[in-house]
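Biologist: Please show me how to read helix length, burial and ring pairs from a set of coordinates.

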Amino acid sequence: MKKFFTKKVITFIAITILSVLFVSIGANTSKAQLLTSSDQFYRAKVIALEDVKVKEVSLDDGVSSISSKSVYFKAEFTNGPHKGKTQTMLQYIDYMYAVQPKTVEKGDSIVVSYAADPASSQQTWMFIDYNRIHYIIGICILFFCLLIFIGRAKGVATIVSLLFTAAAVFLVYIPGILSGQNIYLSTIIISIFIILMSLTFLNGVNIKTFCAVLGNIGGLAVAGIFALITNQLLGITGIVDEDCLFLMYVNSAHPLDLRAIVWGSIVIGSLGAVMDVAMSIASAMNELSETMEDKSAGRMIKSGMNIGKDAIGTMTNTLILAYIGGSLSSVLLLVASNKDPLYLFNMEMIVVEVLQGIIGSTGILFAVPVTVVIAAYLYNKPKKIQE
């Protein structure tokens, strides 16, 4: 028992060191020249309301009118070079928009910037939004505490793997794309790193992890190839929405390949679901190996595929619903304004969303048999080879 525990600790430390090295080296080689902005944002706390001015403007029809409200308040800076100083600031509320932020109140924590007043174009300290970072931090801490409370050691490993995944994506992958690196190669490298790091952190170095890794890579490879073929077949340009147009001018020296970005989003988006299924099947095959009487590769494959069918059904639904939920507002707007299905289902934005769900599900479909066959073969090898 002590030897097993020591092995797990050594593995954990080794994977942590390797992950830190990967992120550090990747971040240094993926530095991007980002667009600079003159806007500076600071946190402030509302001390008191000072004045409220309402202005009505008549529309061209001479009947209708819209109003705006300027709320003047005193606030104290809580960070930055002005920390501790108080200043009169402005919250501008334009009622031409259907949804408005609530009027600031004493004690509110807000984000402010020195910007132009929309009503007079004069520079002043403007309310930008409510400061929600402390709530986000609190929610994350609560989530991590629940992970540790319920998952114990696995919960800690989950948190560490999640942090390294976020670091790899935001410090290595995204800056690498913006700096002009090959998006296809970067996506493959990041995906393999996340698979190896996450599964090893959660389950250590053993046959179960090895089967899950191979099954995951197999399913993801199929998804990636399928995505390449469909991108060509459907003539995907990568201009999914107006944000993509701005991406074309982010790095003029190395213009971004929008089609490759679509491909990368499909692969990265399906990675989590494929990894979940591959690990679940590998765990089930491990249990079958330990409990099955008259164990054989054929019987394990048959049992593993029966288990996999249930996983395929639930995870495919999960993946499709996740993509629908992520773009629900856009889909609602499109359906409300364009009722012709011929137009809707030929829009690149809709096509890409459909492809993400279908290709991700295809990755799951192939991850199951790959994991099952590899596990059945390895768990029926002689004992010396398994060890």
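Modeller: The expected span of a helix is 1.5 Å times one less than its number of residues. Helices are DSSP runs of H or I with at least four residues, numbered from the N terminus. This is a predicted model, where local features need pLDDT of at least 70, side-chain atom pairs count only at pLDDT 80 or more, and totals for chains, interfaces and linings use all residues. Residues are numbered from 1 along each chain as its sequence is written, and side-chain values use heavy atoms, with hydrogens and water left out.

Biologist: What span should the 30 residues of helix 8 have?

Modeller: Helix 8 (residues 297-326) should span 44 Å, and its end C-alpha atoms are 41 Å apart, which agrees.

Biologist: Which residues of helix 8 are buried?

Modeller: Buried means under 20% relative accessible area, exposed over 50%, and partly exposed in between (1.4 Å probe, protein chains only). An α-helix has 3.6 residues a turn, so residues three or four places apart point the same way. In helix 8 the buried residues include G304, G308, A311 and M315. Their cover includes helix 7 and helix 11 (348-378), by contact (heavy atoms within 4.5 Å).

Biologist: How many aromatic pairs are there?

Modeller: Rings of Phe, Tyr and Trp (its six-membered ring) pair if their centres lie within 6.5 Å; planes under 30 degrees apart count as stacked, over 60 as edge-to-face and the rest as tilted. The structure has 10 such pairs. Y184 and W263 are tilted, because their ring centres are 5.0 Å apart and their planes at 55 degrees. Y184 is in helix 4 (residues 183-203) and W263 in helix 7 (residues 258-291), so the pair ties together parts 79 residues apart in sequence. W263 is buried at 6% relative accessibility, whereas Y184 is partly exposed at 28%.

Notes:
Helix = DSSP H or I, 4+ residues; strand = E, 2+ residues; numbered from the N terminus.
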